[in-house]
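Visitor: I would like to understand the reasoning behind the labels people put on a model. Could you walk me through this one?

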Amino acid sequence: MMPVKKETGYIHGHEDKERHYGSLVPPIYQSSTFTFPDAESGEARFAGNEGGYMYSRLGNPTVREFEERMAKAEGGEKALAFASGMAAVSAVLTSLLKSGDHVLVSKGVYGCTFGLLSWLYDRFQVRAAYISMENEADLEEHLQPTTKVIYVETPINPTMKMTDFSLITKFAKEHNLTVVVDNTFASPYLQRPLERNADVVVHSATKYLGGHGDVIAGVAVGNFDFMEVVRKNAQKDMGGVLGSFESWLLLRGMKTLAVRMDRHCSNAKVIAGKLKNHPQVESIFFPGDPDFNQYYLAKKQMDQPGAMISFTVKGGKEAAFNMMNRLKMIAIAVSLGDAETLVQHPASMTHAVIPEAEREFMEIGDNMLRLSVGLEHHEDIWRDLEQALTGE
Ligand code: 3LM
């Protein structure tokens with residue numbers, strides 16, 4: 001029976017249990033290579049004339065199971081798993097772009113994605129224009145004859161700004177561009193860009209998909225033809241594949257994605273409301289805040305507004321650091337989507353590689369902190385935040 005609801009789809013998929021002695025949970029195929037019954041079979045598999053595994057860089061049953069579960073979760077034809085989110089981002093971008101091409105990028109992306117695009121410019125003259133994408137005129141103004149890709153994070157790390165899928169996908173269609181969406185902050189439970197006509201979705205699976213802070217992984221989802229290009233070139237030959245144990249951890253993490261996300265989101269709603277009213281807090285950046293200027297977009301294209309909150313504190317960087325240093329339960333750490341609530345300072349941590357001028361343009365101030373609201377009881381999260389903000 002095919003699952004109808006997404007929550008069920010995250011749990012089921014390992015249906016061929018008889019092949020695995022009836023084990024409820026898929027085994028971990030921790031094998032680098034696979035034997036062939038005879039030489040002819042080996043030849044046929046390498047020629048693509050016979051199914052079956054050959055070598056784990058070229059495919060592994062546990063990894064495949066995670067990829068299939070992710071393809072279903074995002075509503076795409078094919079998913080590929082990678083050794084990190086950045087391996088997924090770089091495999092997709094290098095599969096779409098060649099020397100001299102141009103990319104329209106949302107004004108603000110994860111620091112290493114900015115770093116990758118800077119490196120692609122230095123080495124291959126791939127140019128990137130960071131733009132707000134708030135309206136068609138903005139896109140039109142920056143479009144070049146060499147533009148091939150629109151690359152967005154929505155919500156953006158860490159400013160939480162959002163991009164309207166209907167705007168960019170319509171524009172992309174008119175100008176023959178490929179739309180790539182980094183869906184890390186939302187997870188497929190809250191937002192499915194492919195259903196809104198994006199072409200490729202990438203994730204740092206390290207975050208909500210894994211959910212327990214114990215794995216580094218990435219995944220990309222798209223149509224079969226494009227993902228085959230990524231697999232045969234960027235994945236097979238650059239080799240940033242995911243291991244079977246990490247894939248197994250992700251299969252485990254995904255089973256609880258829906259229940260975890262519901263709790264992350266309900267906690268974040270409470271915490272955002274309290275932060276907003278605290279006298280030490282200057283402003284909050286949270287898609288679920290009715291005063292957030294893109295609140296309407298969160299309503300339009302996300303099932304819930306997520307659990308990432310950025311906020312600025314009065315008193316600049318010093319006050320931000322003092323606040324972090326006073327926290328007793330909440331950990332100072334980059335990454336997000338874990339059971340533990342985490343706080344970090346984007347300007348000096350996740351986005352430190354971005355030169356100051358660009359960081360200012362992206363509106364990442366020195367007094368901004370980013371909170372990944374965890375799964376603890378919201379009263380404990382707030383108690384810690386409040387004492388750290390108040391400084392008493
Ligand atoms: C972070 N982000 O704390 P990995 N895309 C997005 C991301 O947020 C990230 C990646 C891709 C953080 C990691 S910073 C040193 C720690 C939107 C990662 C890359 O390669 O799996 O880390 O994903 O914001």
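**Reasoning from values to labels**

Guide: Gladly! Let us begin with the ligand: by class, its shell holds five nonpolar, eight polar and four charged residues. Please keep in mind that this is a predicted model.

Visitor: How many residues surround the ligand, and which are the closest?

Guide: The ligand is surrounded by 17 residues. Asp182, Thr206, Lys207, Ser335 and Arg370 are the closest. To be counted, a residue needs a heavy atom within 4 Å of the ligand.

Visitor: What makes the approach of the Thr206 side chain to the ligand a polar contact?

Guide: An N or O atom in the side chain of Thr206 is 2.6 Å from an oxygen atom of the ligand. The cut-off for a pair of N or O atoms is 3.5 Å, so this pair qualifies as a polar contact. Backbone atoms take part too: a polar backbone atom of Gly85 is 2.9 Å from a ligand oxygen, and one of Ser335 is 2.7 Å from a ligand oxygen.

Visitor: How much of the ligand's accessible area does the protein cover?

Guide: On its own the ligand has 550 Å² of accessible area, and the protein covers 85% of that.

Visitor: Which domains contribute to the shell around the ligand?

Guide: Domain 1 (6-255) and domain 2 (258-390) each supply at least three residues to the shell.

Visitor: Now the whole chain. How do you know whether the radius of gyration agrees with that of a compact globule?

Guide: For 392 residues, a compact globule would have a radius of gyration near 21 Å. The protein chain has 21 Å, so the value agrees with the rule. Along its principal axes, the C-alpha trace spans about 75 × 50 × 35 Å. The chain contains 15 helices and 12 strands, and buried residues make up 52% of its 392 residues.

Visitor: Why is Ser335 called partly exposed?

Guide: The relative accessible area of Ser335 is 21%. Buried means under 20% and exposed means over 50%, so Ser335 falls in between and is partly exposed. This residue sits in the loop between strand S10 (331-332) and strand S11 (342-344).

Visitor: What is notable about the phi of Ser335?

Guide: Phi of Ser335 is near 80 degrees, a positive value in a residue other than glycine. For context, most residues other than glycine have a negative phi. Met133 is another non-glycine residue with a positive phi, of about 55 degrees.

Visitor: Is Met133 buried or exposed, and why?

Guide: Met133 has 2% relative accessibility, and the limit for buried is under 20%, so Met133 counts as buried. Its place is the loop between strand S3 (127-131) and helix H6 (136-142).

Visitor: Which cis peptide bonds can you show me, and what are their omega values?

Guide: One is the bond from Thr154 to Pro155, with omega near -5 degrees. Another runs from Asn157 to Pro158, with omega near 5 degrees. Pro155 belongs to the loop between strand S4 (147-153) and helix H7 (165-175), and Pro158 is also in the loop between S4 and H7. As background, most peptide bonds are trans.

Visitor: Strand S4 has come up. Why is Val149 called buried?

Guide: Val149, which lies in strand S4, has a relative accessible area of 0%. That is under the 20% limit, so the label is buried. The C-alpha atoms of Val149 and Val179 are 5.9 Å apart, with these positions 30 residues apart in sequence numbering.

Visitor: And why does Cys112 count as partly exposed?

Guide: Its relative accessibility is 34%, between the limits of 20% and 50%, so Cys112 counts as partly exposed. Cys112 is part of helix H5 (residues 111-124). Cys112 and His351 are 239 residues apart in sequence, with 7.7 Å from C-alpha to C-alpha.

Visitor: What makes Ala234 and Ile381 buried?

Guide: Ala234 has 6% relative accessibility, under 20%, so Ala234 counts as buried. Ile381 meets the limit as well, because its relative accessibility is 0%. Ala234 is in helix H9 (residues 224-238), while Ile381 lies in helix H15 (residues 378-390). From C-alpha to C-alpha, Ala234 is 18 Å from Ala205, at 29 residues apart in sequence.

Key: Residues are numbered from 1 along each chain as its sequence is written. This is a predicted model: local features need pLDDT of at least 70, side-chain atom pairs count only at pLDDT 80 or more; totals for chains, interfaces and linings use all residues. Side-chain values use heavy atoms; hydrogens and water are left out. A polar contact is a pair of N or O atoms within 3.5 Å; within protein, one must be able to donate a hydrogen and the other to accept it, and residues adjacent in sequence count only if both atoms are side-chain atoms. Accessible areas come from the Shrake-Rupley method with a 1.4 Å probe; for residues, only the protein chains shown count as cover. Ala, Val, Leu, Ile, Met, Phe, Trp, Tyr, Cys and Pro count as nonpolar, Asp, Glu, Lys and Arg as charged, and the others, Gly among them, as polar. Domain bounds come from an automatic or database domain assignment. Helices (H or I, at least four residues) and strands (E, at least two) are DSSP runs, numbered from the N terminus. The radius of gyration is taken over C-alpha atoms; the globule rule is 2.2 Å times the number of residues to the power 0.38. Buried means under 20% relative accessible area, exposed over 50%, partly exposed in between (1.4 Å probe, protein chains only).
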